[in-house]
Each structure stands twice: as C-alpha cells, then as structure tokens.
Amino acid sequence: MTIDGVAASGKSSVSSGVARALGIPYLSSGLLYRAATLFALEDHADLSDQGAVLAALGTHPVRLEPLAEGNRVWQNGRDLTPELHSTRVDHGVSAIAVLPGVRAWVNEQLRQVPPPFVAEGRDMGTNVFPHAGAKFYLTASPRVRARRRAQERPEDVDAIEAALIRRDDLDRVQSAPAADAVVIDTGPLDLDGVIGKVLAGVQR
Ligand code: CDP
C-alpha cells in the first residue's frame, strides 16, 4: 500500500502507525531524498548539477532500514538519520528531488524491497508502485502543518509555514495524488484518527 502527501502532513507517523498495526515494514522515500541532499551538501556539489550530485551519490552507498517504528538510513556504519531533518537539508531537498537521476537512484532502492510494506512519500502511488492495492494521500492546510512541524524544528511557525509553502510549490510536479488514492484531510484529526481512517480504508 502507499501513503503519499504534502510536506509535514503526518505521512511518516501515520505510515509507522499503520505498518505497526499491520505487522509490516514501511519505507520512507523522503529519507533517501534527504540522504542524497546531505551527501551533495557534504561534497559541496551544486544542487542543480545532476552530474555532480550523482557523482556524490556514487561514492556514498546507503542502506534504508525500513523499521516499522521509524526508518533509518545507514552509510556503512554511520547512522545518517539524525542529520536528515536539519533545516539545511529541508531547504536543499526539493532541488535535489527534481533531478531524474536522483529519482531513479531512490526508486531503484525502494523496488528492491520485497512486499508487503507501506511505501510513503510523494509519488509512491503514481510512479513507483502504481499497482499498489490501497493508496492514500494526506493533506492539511499550511498553518496546521507548520504548527505540527514547529514542535520538531527550532524556527518559529511563520518561518516554517513560509518554507513549507515554498517546498509544496517546488514539489508540485511529483506530488499529485494518484487518481485512485483516498484523500484524507488530516487537519481536524489527531494521529490515531488518521491511522484509524487508513486502516478502515485498507480493510474495506
Ligand atoms: O514530511 P516532509 O515532506 O517534510 O519530508 P519527506 O517526506 O522526508 O520529503 C522530503 C522531500 O523529499 C520532499 O520535499 C520532496 O522534495 C522529496 N520527495 C520526493 O520528491 N518524492 C518522494 N517520493 C518523497 C520525497
């Protein structure tokens, strides 16, 4: 099954909760885009230069560990996960995510994982797993999302909201909901409410 949605719509927490309820792993595609961004930044690559970014990725083999309680990304023995939600990665990731070679690098890693799993991101239900049995798409207003993310980032709500709106815009191309996805507005719901809706949708 796939869970896609806009930035800070709760995809990771919902996917984790759904995966745990079903006893299967979930895959965070966003973490791989974030890892690609971290490598490009560390190598001082121009984020719009696909050749330079792919060269950085070529020298950094990574492994996505799809734990249901929270995915981790490893580079040999180094756990990159704590560095992947920094503000500098937030700001660079959309530039990296438009590069077709980076999308192929992420998708190849996701497609190696044996099902069943919950795949989470922007284009899981449209491009990567178009034949998934159940598809969901999470939304919420920018203000609601910014308030949620302010609990995880040092910036204030207004700055976070502005950055989210900018990222929604930059990610628009790969963020359209699949025609057969169930769209859930998470604004009026708490986490368990969204997880319950998804599980009810799967079991229909
Ligand atoms: O929850 P949030 O959107 O902040 O983060 P994420 O899911 O980790 O995604 C980070 C970024 O990766 C997004 O802003 C997109 O630029 C990119 N992304 C993508 O293009 N396609 C995906 N399937 C997943 C993420």
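This is a short walk through a protein chain with a bound ligand, from the overall shape to the helix contacts.

Hi everyone, thanks for coming. One thing before we begin: what you have in front of you is a predicted model.

Let's start with the whole chain. Its secondary structure comes to 9 helices and 8 strands. Along the principal axes, the C-alpha trace spans about 45 × 40 × 30 Å. How does the radius of gyration fit with a compact globule? For 204 residues we would expect a value near 17 Å, and this chain has 16 Å, so the two agree.

Now to the ligand. There are 17 residues around the ligand, and the ones that come nearest are Ala7, Gly30, Tyr33, Ala97 and Gly121. If you sort the shell by class, you get 6 nonpolar, 5 polar and 6 charged residues. Which helices supply at least two residues each? Those are H2, running from 29 to 42, and H4, running from 87 to 97. H2 gives the most, with 5 residues.

So how are H2 and H4 placed relative to each other? They pack at an angle of about 100 degrees, and their axes are 8 Å apart. Angles from 65 to 115 degrees count as roughly perpendicular, and therefore that is the word for this pair. On the H2 side, the contact uses Tyr33, Arg34, Ala36, Thr37, Leu38, Ala40 and Leu41. Facing them from H4 are Arg88, Val89, Gly92, Val93, Ile96 and Ala97. By class, this contact has 9 nonpolar, 2 polar and 2 charged residues. If you are following along on the structure, look for Tyr33 and Ala97: both take part in this contact, and both are on the list of residues that come nearest the ligand.

H2 has another partner, helix H5, which covers residues 100-111. Here the packing angle is about 135 degrees, with the axes 10 Å apart. That angle makes H2 oblique to H5, and the crossing is right-handed. H2 brings Ser29, Leu32, Tyr33 and Ala36 to the contact, while H5 brings Val102, Trp105, Val106, Gln109 and Leu110. By class that is 7 nonpolar, 2 polar and no charged residues. Tyr33 turns up again, this time in the contact with H5.

Let's move along to another pair, H7 and H8. H7 is residues 142-149 and H8 is residues 157-170, and they pack at an angle of about 120 degrees with their axes 8 Å apart. That makes H7 oblique to H8, and this crossing is right-handed. From H7 we have Pro142, Arg143, Arg145, Ala146, Arg147 and Arg149, and from H8 we have Val157, Ile160, Glu161, Leu164 and Ile165. What does the class count look like for this contact? There are 6 nonpolar residues, no polar ones and 5 charged.

Two backbone details before I stop. The peptide bond from Pro115 to Pro116 is cis, with omega near 5 degrees. You will find Pro116 in the loop between H5 and strand S6, which is 118-121. The other detail is Ala8, which has a positive phi of about 60 degrees although it is not a glycine. Ala8 sits in the loop between strand S1, at 2-5, and helix H1, at 11-22.

If you keep one picture, let it be H2: this helix gives the most to the ligand shell, and H2 packs against both H4 and H5. Thanks, and over to you!

Key
Residues are numbered from 1 along each chain as its sequence is written. This is a predicted model: local features need pLDDT of at least 70, side-chain atom pairs count only at pLDDT 80 or more; totals for chains, interfaces and linings use all residues. A residue is near a molecule or strand if its C-beta atom, placed from the backbone, lies within 6 Å of it. Helices (H or I, at least four residues) and strands (E, at least two) are DSSP runs, numbered from the N terminus. Ala, Val, Leu, Ile, Met, Phe, Trp, Tyr, Cys and Pro count as nonpolar, Asp, Glu, Lys and Arg as charged, and the others, Gly among them, as polar. Axes are lines fitted to C-alpha atoms, for helices over the stretch in contact, and angles run from 0 to 180 degrees between N-to-C directions. Angles under 35 degrees count as roughly parallel, over 145 as roughly antiparallel, 65 to 115 as roughly perpendicular and the rest as oblique. Two residues are in contact if their C-beta atoms, placed from the backbone, lie within 7 Å. A crossing is left-handed if the near helix is turned anticlockwise from the far one by less than a right angle, and right-handed if clockwise. The radius of gyration is taken over C-alpha atoms; the globule rule is 2.2 Å times the number of residues to the power 0.38.
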